[in-house]
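I opened the notebook to record what I looked up in this model. The entries follow in the order in which I took them.

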Amino acid sequence: MLKQRIAGLLNERRSGFSMPQAFYVDEEIFQADLEAVFASDWLFACSVAEIKRPGDYVTMEIGRDSVVILRDRDGEVKAYFNTCRHRGSRICLHESGRANRLVCPYHQWVYELDGRLINARQMPADFDKSGYSLVPVHVEVICGMVYVSVAENPPSFARFRDTVTPYIAPHQPDRTKVAFSSTIIEEANWKLVIENNRECYHCAGNHPALLVTLVEFALPDHPAANATFKNLMDTSTARWDRLGLPHKPADGGIEFRCIRLPFNEDCVSFTRDGAPACNKLLADFTEPDLGSVRMFRVPNNWNHFLADHIIHFRVLPLGPNRTAVKTTWLVHEDAVEGVDYDIKRLTEVWTETNDEDRILAEHNHQGIQSRAYRPGPFAPSEFMLKNFAEWYYGKMSDYVHGPAHRIAAE
Amino acid sequence: MLKQRIAGLLNERRSGFSMPQAFYVDEEIFQADLEAVFASDWLFACSVAEIKRPGDYVTMEIGRDSVVILRDRDGEVKAYFNTCRHRGSRICLHESGRANRLVCPYHQWVYELDGRLINARQMPADFDKSGYSLVPVHVEVICGMVYVSVAENPPSFARFRDTVTPYIAPHQPDRTKVAFSSTIIEEANWKLVIENNRECYHCAGNHPALLVTLVEFALPDHPAANATFKNLMDTSTARWDRLGLPHKPADGGIEFRCIRLPFNEDCVSFTRDGAPACNKLLADFTEPDLGSVRMFRVPNNWNHFLADHIIHFRVLPLGPNRTAVKTTWLVHEDAVEGVDYDIKRLTEVWTETNDEDRILAEHNHQGIQSRAYRPGPFAPSEFMLKNFAEWYYGKMSDYVHGPAHRIAAE
Amino acid sequence: MLKQRIAGLLNERRSGFSMPQAFYVDEEIFQADLEAVFASDWLFACSVAEIKRPGDYVTMEIGRDSVVILRDRDGEVKAYFNTCRHRGSRICLHESGRANRLVCPYHQWVYELDGRLINARQMPADFDKSGYSLVPVHVEVICGMVYVSVAENPPSFARFRDTVTPYIAPHQPDRTKVAFSSTIIEEANWKLVIENNRECYHCAGNHPALLVTLVEFALPDHPAANATFKNLMDTSTARWDRLGLPHKPADGGIEFRCIRLPFNEDCVSFTRDGAPACNKLLADFTEPDLGSVRMFRVPNNWNHFLADHIIHFRVLPLGPNRTAVKTTWLVHEDAVEGVDYDIKRLTEVWTETNDEDRILAEHNHQGIQSRAYRPGPFAPSEFMLKNFAEWYYGKMSDYVHGPAHRIAAE
């Protein structure tokens with residue numbers, strides 16, 4: 001019945017317009033999103049910088065599932081559902097920590113870092129522990145970025161990996177440390193959080209601090225771009241070509257996006273004044289102005305890779321009108337706080353921007369609830385919202401009809 | 001299925017008794033109320049005193065809809081759904097304010113005060129703005145009281161207007177200013193808030209401050225009235241007749257009620273001691289004892305019009321067990337705070353009374369949830385609850401069967 | 001449809017394993033629990049020590065029902081739904097109090113302590129009050145413990161009463177007073193709260209203060225018991241036999257349990273050091289070491305009866321993931337605070353233990369929500385969870401199929 005309802009809503013969709021109301025506000029459809037999107041695809045989880053040593057772990061909530069991501073004794077990144085096989089208690093209780101083995105706090109069942117149950121006190125002698133390993137979660141690591149999938153058979157990760165690695169690898173994210181992270185809660189549907197991120201049409205009216213440094217245009221031939229921007233692009237791309245750094249828009253279809261774009265004239269980083277936020281540059285960079293590799297992947301991740309720092313954004317749905325956005329700032333692993341960088345200076349522009357975006361998404365959510373809402377037309381500079389809608393409709397169509405019967409978008 | 005359920009409940013109703021349980025506590029029926037009552041009828045919104053100048057606006061939440069009510073450049077009162085036609089953001093973010101034009105905070109689409117979209121930056125040259133005006137909401141103004149309806153075809157307002165105008169107009173509500181307003185949240189169904197207001201059977205045990213001045217009897221021939229009251233009526237009506245002020249019970253059927261009633265002997269206003277709350281009387285009154293025009297209209301409004309001030313009450317549903325009650329005190333537009341009136345003195349009796357009523361409604365809601373609840377018999381002095389129930393059943397019957405097939409009440 | 005769903009879940013159950021997920025986390029099944037369990041069986045309510053004099057009352061929330069339990073003029077314990085027969089208001093607004101008669105705060109309808117409506121002011125002369133008594137709730141009192149049932153036809157109480165009275169009566173609970181009580185809220189399903197209480201497999205890892213005195217083993221032939229325990233049992237039971245105090249495991253089937261068990265060597269009470277908490281012993285005891293009568297009854301009650309004090313635990317469901325646990329400490333009615341006992345010393349061990357259990361139950365609830373949860377195997381020392389599951393499945397089977405068609409457990 002829910003599937004019929006979703007099929008009906010898919011029939012109402014109109015290319016180039018915002019989505020039918022129910023996709024943004026409905027509780028049942030939110031539950032479907034959790035299955036059709038968040039339990040079926042890859043999600044950005046964390047940076048390897050958060051789990052450097054064997055036994056380091058982080059936990060992450062994906063809908064009703066808690067997942068623990070850790071580094072095992074072989075240095076590999078592994079992930080498991082954070083649910084004991086005895087009576088279902090959570091095992092790791094903190095957002096991050098370190099454990100030699102995973103011990104359930106309830107009855108002290110003990111799991112190895114590879115997921116095997118190795119001790120279950122008081123169980124009978126004939127109890128077969130081999131049937132009670134932790135349930136594994138799929139993991140992929142790409143240049144230090146950890147993605148997980150709770151799907152039984154996640155989609156292929158190869159094209160994404162192959163395409164974005166050349167852009168990201170030069171920044172050496174695996175040689176970083178976490179300078180700061182923050183999580184904010186937005187009282188808005190996760191799709192509105194993503195849509196908000198996918199266009200800078202709203203920037204001029206809302207992001208004064210960000211626009212000191214960020215160019216509003218997301219493509220070399222952006223519909224709204226001006227001559228100043230085109231000149232800036234020409235100068236920048238020539239420099240990057242000399243340095244051997246890829247910059248052209250990658251072909252990610254509707255699933256991901258990767259491009260290197262310049263900052264405004266005389267700006268090299270997301271700071272109040274555009275000067276670097278960290279004096280110790282990433283990798284072995286000597287040139288502080290590398291623009292920013294902007295990499296986005298549906299459904300929950302966007303990033304900026306600069307010469308001096310990296311920012312990961314992670315979106316997780318908490319309810320039809322509630323979304324968590326975690327921002328993580330990474331600097332060179334040898335950078336010293338107070339010497340090479342100052343946390344306030346490093347984080348203040350995006351902290352403000354995140355809060356401005358939160359307010360926009362919340363008002364958007366509130367307004368969409370109305371019986372007066374009708375899907376409205378995207379501006380040309382909102383082309384990425386069209387892609388996102390198309391991708392989302394595809395996931396919902398797969399959910400309703402199965403992948404083999406995907407309905408063609410108009 | 002919900003409609004079948006409601007039809008079943010309507011069959012259980014018993015004239016002269018409180019309603020079947022589900023009408024008071026059920027989530028689904030609350031959703032039906034929002035459609036059958038709040039989205040189909042007229043709702044009291046505000047006083048024109050709140051929007052005196054062109055561009056002054058107030059917003060109001062009706063279920064999931066936000067509505068903006070404003071005065072346009074021609075001095076007319078207009079109302080629109082507060083939802084941008086681009087991607088649905090709320091436009092006016094505050095409870096009240098002033099705007100030369102309505103500018104959406106998200107992407108700065110600009111609407112004239114008449115609702116027309118007049119600017120949408122970055123949209124293509126061929127974008128037809130005429131198709132993207134704000135969605136209008138119906139408005140009626142009666143002696144300075146603004147009513148709105150989000151229905152497509154609201155019911156006629158004429159009989160109400162024609163009937164109550166002679167009672168209200170002499171108090172000149174359009175020559176007032178807001179002295180104070182407050183909103184309280186009651187953890188009770190909106191119907192219990194209305195029922196509580198529709199009888200004074202509970203007054204003796206609960207409203208000590210109010211009963212200093214208010215007579216408990218709502219009709220000249222009130223079932224519980226005594227000889228003192230009848231004498232008071234005779235004296236008062238003779239005086240009002242001399243002043244040409246209507247006072248007899250208006251015939252509002254089950255939809256509205258209008259009557260002028262006296263205060264207790266030696267009292268003229270809702271104050272601790274019964275003396276006037278504002279020395280500057282309304283209109284050009286010289287006589288401070290005009291009793292009070294009590295005017296009620298389903299589903300969300302009751303009022304008192306005195307010689308020295310006016311009080312509007314506005315009820316808005318927030319959930320099956322959550323209701324907002326806004327109280328607005330108006331005085332003559334030339335009255336001076338601190339000179340002609342004192343806010344505490346003006347407001348304290350009804351502030352206390354509102355809070356006493358909140359507690360009663362909340363305990364009523366809690367008790368009704370029980371499996372032991374059975375609809376109970378109204379006392380004769382609760383005759384207005386019978387009217388209210390009959391009106392509500394009619395609205396629900398229309399919702400279930402359509403207006404043409406309304407089931408006769410027993 | 002819900003019943004079909006529950007029937008399907010019952011078919012999935014596996015003896016000796018924790019329950020299928022939905023029984024712990026589902027909103028609809030929680031609603032079914034309220035009917036199938038809490039509205040169909042006996043629930044522990046309070047001690048008679050809380051309502052010593054005629055007119056003393058306590059109130060208690062059972063799902064959406066408020067129940068008032070009082071002592072009437074004849075000294076009998078009575079219970080009624082706390083809902084006025086007029087328009088359904090709650091009548092008794094406090095957790096406990098005293099009332100000569102029950103007067104509804106809304107319109108002052110007056111009920112005698114036997115439930116009869118004796119005054120309804122302003123009602124017509126021909127109003128028949130005899131049809132508007134308070135709706136009664138079934139009550140049973142067993143050695144000062146009050147149980148209530150909101151069922152129309154509650155199950156028989158006789159076997160429980162007959163079986164446990166010999167264990168409890170010597171402690172004379174009806175000659176006690178309340179020294180202290182506390183209510184905590186656990187963000188966990190009520191079944192997890194009960195399961196947590198039904199095993200001490202988790203004690204070693206979680207209850208340091210409790211294990212100073214409590215033996216972990218719940219049966220003379222407990223699966224994990226050691227020689228020390230067996231010796232302790234032998235010594236203790238010999239002493240109790242001399243005193244004529246019953247101690248052997250009572251046959252309560254899967255519905256209740258009653259047994260006397262010793263404390264650890266040199267310990268006689270639930271205190272930090274094992275010394276008595278109250279110098280004035282219960283009844284006319286002179287021997288401070290009587291171990292503890294542990295009495296449990298599904299679905300909401302466990303107790304400890306010691307030589308010096310009694311502890312009642314009462315569990316009430318607030319939501320699928322929310323449960324109230326009330327703990328009441330009773331001492332001899334002539335014991336004097338500050339002289340015979342100190343409240344902190346009396347209550348601190350179980351206050352800590354309750355909080356430790358709360359955290360365990362909450363993490364258990366969170367972990368069970370996951371798609372990775374699968375019912376897990378009970379350890380031998382969790383045999384009482386198997387009983388509880390069997391009892392619960394029986395109640396749900398009755399609910400789905402009717403008592404005559406109970407499906408045999410595997």
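**Entry: polar contacts, A with B.** I fixed the rule before counting: a polar contact is a pair of N or O atoms within 3.5 Å; within protein, one must be able to donate a hydrogen and the other to accept it, and residues adjacent in sequence count only if both atoms are side-chain atoms. With that rule I found 19 residue pairs in polar contact between chain A and chain B, both residues at pLDDT 80 or more.

**Entry: ground rules.** I am working on a predicted model, in which local features need pLDDT of at least 70, side-chain atom pairs count only at pLDDT 80 or more, and totals for chains, interfaces and linings use all residues. I number residues from 1 along each chain as its sequence is written, letter chains from A and number ligands from 1 in the order in which they are written, and take side-chain values on heavy atoms, with hydrogens and water left out.

**Entry: rest of the A–B interface.** I looked up contact next, meaning heavy atoms within 4.5 Å. Chain A brings 33 residues to it and chain B brings 27 residues. I then took buried area, the accessible area (1.4 Å probe) that two parts lose on being put together, summed over both. Chain A and chain B bury about 2,500 Å² between them, with 49% of it on carbon and sulfur atoms. Which three residues supply the most of the area that chain A buries against chain B? They are Tyr201(A), Arg371(A) and Pro377(A), with 30%.

I counted salt bridges as well (a side-chain nitrogen of Lys or Arg within 4 Å of a carboxyl oxygen of Asp or Glu). The interface of chain A and chain B has four salt bridges. I noted Arg371(A) with Asp65(B), at 2.7 Å from N to O.

For elements I used DSSP runs, numbered from the N terminus: helices (H or I) of at least four residues and strands (E) of at least two. On the side of chain A that touches chain B, helix H5 (190-197), helix H6 (203-206) and helix H8 (343-368) of chain A each supply at least two residues. H8(A) has the largest share, six residues. I sorted that side by class: Ala, Val, Leu, Ile, Met, Phe, Trp, Tyr, Cys and Pro as nonpolar, Asp, Glu, Lys and Arg as charged, and the others, Gly among them, as polar. The result is 14 nonpolar, 14 polar and five charged residues.

**Entry: C–A interface.** I ran the lookups on chain C and chain A. Here 32 residues of chain C are in contact with 27 residues of chain A. The two chains bury about 2,600 Å² between them, 50% of it on carbon and sulfur atoms. In chain C, Tyr201(C), Arg371(C) and Pro377(C) lose the most area to chain A, together 30% of what that side buries.

How many salt bridges lie between chain C and chain A? I count four. In one of them, Arg87(A) pairs with Glu382(C), and the closest N and O atoms are 2.6 Å apart. Polar contacts come to 19 residue pairs between chain C and chain A. H8(C) gives the most to the side of chain C that touches chain A, with six residues. By class, that side of chain C holds 13 nonpolar, 14 polar and five charged residues.

**Entry: symmetry.** I superposed copies by least squares on the C-alpha atoms of residues with pLDDT of at least 70 in both. Chain C goes onto chain A with an RMSD of 0.0 Å, by a turn of 120 degrees and a shift of 0.1 Å along the axis. That is the relation of a three-fold axis. Chain A goes onto chain B with an RMSD of 0.0 Å, by a turn of 120 degrees and a shift of 0.0 Å.

**Entry: backbone.** I found a cis peptide bond from Val298(A) to Pro299(A), with omega near -5 degrees. Pro299(A) sits in the loop between strand E13 (292-297) and strand E14 (301-305) of chain A. In chain C, Gln108(C) has a positive phi, near 65 degrees, and is not a glycine. Gln108(C) lies in the loop between strand E6 (102-103) and strand E7 (110-111).
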